[in-house]
Amino acid sequence: MSLPHLFIYGAGAFGKEIRDIARRANRQEQTWDKIFFIDDFAPPGTWFGDCQSFPFTSVLEDFDSAAIEVVIAQGEPVHRETLYGKLSQCGIRLGRVVDPSAIVSPYACVGEGVVLTAFCSVAADAKVGNNVAVNVQAIIGHDVVVGDHAVISSMVNLGGGTRVGTATYIGMGSQVKEQLRIGDRSIVGMGSVVHHDLGDDLIALGNPARAMRKNETRRVFNK
């Protein structure tokens, strides 16, 4: 039985990191035949390093959807959610890219399209939703639930039993006390320490983290 191709949707910095993770994973256990990028802005046939890029329309036309897997390389939760919907509508299967150094409990549940980067950990009975990105050295504690399309940045520590909402962004180095709830579409700023529940559509910063304003634009980065 032939192996599927892996397409990384987005050829920016995060996409290049995912390419490296996929190659490390492939060396340990061959999962994909070839690795490509999807980039809707680069001319067809563009190469990023040694990986060829295709616009999404070309992927639909030129490849058998049953023979490919796609993973989304976007750091903005709102973009992750949008692209996930696009792929789902087209019947495209999402892959799962896990760095060999990641520690994942056999009792954890990890959804489709998830990216687990180097040295992160997912503890027993944790549930990581679909299309979630977990960055370097992040800790997903026991019984944590991470909603679909969320982004957990590097060196974040989510205490046991924490609930992180759909399309929420937890900034680099943040710490979240156990058993708390962080709502949907919220942003926790870099280095924040969360001691209390946070609602939906908020931007929170500081130690202790406080809600500063509503997340009206649903954007993390000013790009």
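In this predicted model, N131 sits in the loop between β11 (127-128) and β12. Its phi is positive, about 65 degrees, although N131 is not a glycine. With a relative accessible area of 0%, N131 is buried. The cut-off for that class is under 20%, so N131 falls within it.

F119 offers a second case of positive phi. The value is near 65 degrees, again in a residue other than glycine. F119 belongs to the loop between β9 (115-116) and β10 (121-122). Here the relative accessible area is 57%. The class of exposed residues begins over 50%, so F119 is exposed. The two loop residues thus carry opposite labels: N131 is buried, whereas F119 is exposed.

A further backbone feature concerns a proline. The peptide bond from N207 to P208 is cis, and its omega is near 0 degrees. P208 is part of the loop that runs between β23 (202-205) and β24 (210-214).

Attention turns next to the nonpolar interior. The largest nonpolar core comprises 29 residues. Within this core, V134, I140, V146, I152 and L158 have the most contacts. V146 illustrates the packing. Residues up to four places away in sequence set aside, V146 touches K127, V128, G129, V132, I140, I152, L158 and V164. Three of these partners, I140, I152 and L158, are also named among the core residues with the most contacts. Another core lies apart from the largest one and has 23 residues. Among its members are I18, W32, F48 and C51.

W32 also takes part in a polar contact. Its side chain pairs with the side chain of E69 at 2.9 Å. E69 is found in strand β5 (residues 68-72). The relative accessibility of E69 is 14%; the limit for buried residues is under 20%, so this charged residue counts as buried. Neighbours within four places in sequence left aside, E69 is in contact with P4, H5, L6, F7, W32, R93, L94 and G95. W32 therefore appears in this contact list as well as in the polar pair, since the contact limit is 4.5 Å.

Open and enclosed space was also examined. Rolling a probe the size of a water molecule over the atoms shows where empty space is left. The largest pocket has a volume of about 730 Å³. Elements giving two or more residues to its lining are α1 (13-28), α3 (77-89), β12 (133-134) and β15 (151-152). The largest share, three residues, comes from α1. In total, 29 residues line the largest pocket. Nearest its centre lie F14, A73, Q74, G75 and E76. By class, the lining of this pocket divides into 15 nonpolar, eight polar and six charged residues.

Enclosed space is represented by one cavity of 30 Å³ or more. The largest cavity holds about 60 Å³ of space. P77, V78, A167, Y169, R185, S186, I187, N215, R218, R219 and V220 form its lining. Six of the lining residues of the largest cavity are nonpolar, two are polar and three are charged. The charged residues are R185, R218 and R219, because Arg belongs to that class. The polar residues are S186 and N215, because neither Ser nor Asn is listed as nonpolar or charged.

Notes:
Residues numbered from 1 in each chain as written. Predicted model: local features only at pLDDT ≥ 70, side-chain atom pairs only at ≥ 80, totals over all residues. Heavy atoms only, no water. 1 Å grid on protein atoms, 1.4 Å probe; cavity = no way out; pocket = protein on both sides within 12 Å on 5 of 7 lines; lining within 4 Å. Points joined across faces, edges and corners; volume = space filled by probe spheres on them. Helix = DSSP H or I, 4+ residues; strand = E, 2+ residues; numbered from the N terminus. Core = buried A, V, L, I, M, F, W, Y, C linked by side-chain atoms within 4.5 Å. Buried < 20%, exposed > 50% of the residue type's maximum accessible area, 1.4 Å probe, protein only. Polar contact = N/O pair within 3.5 Å; in protein donor to acceptor, adjacent residues only side chain to side chain.
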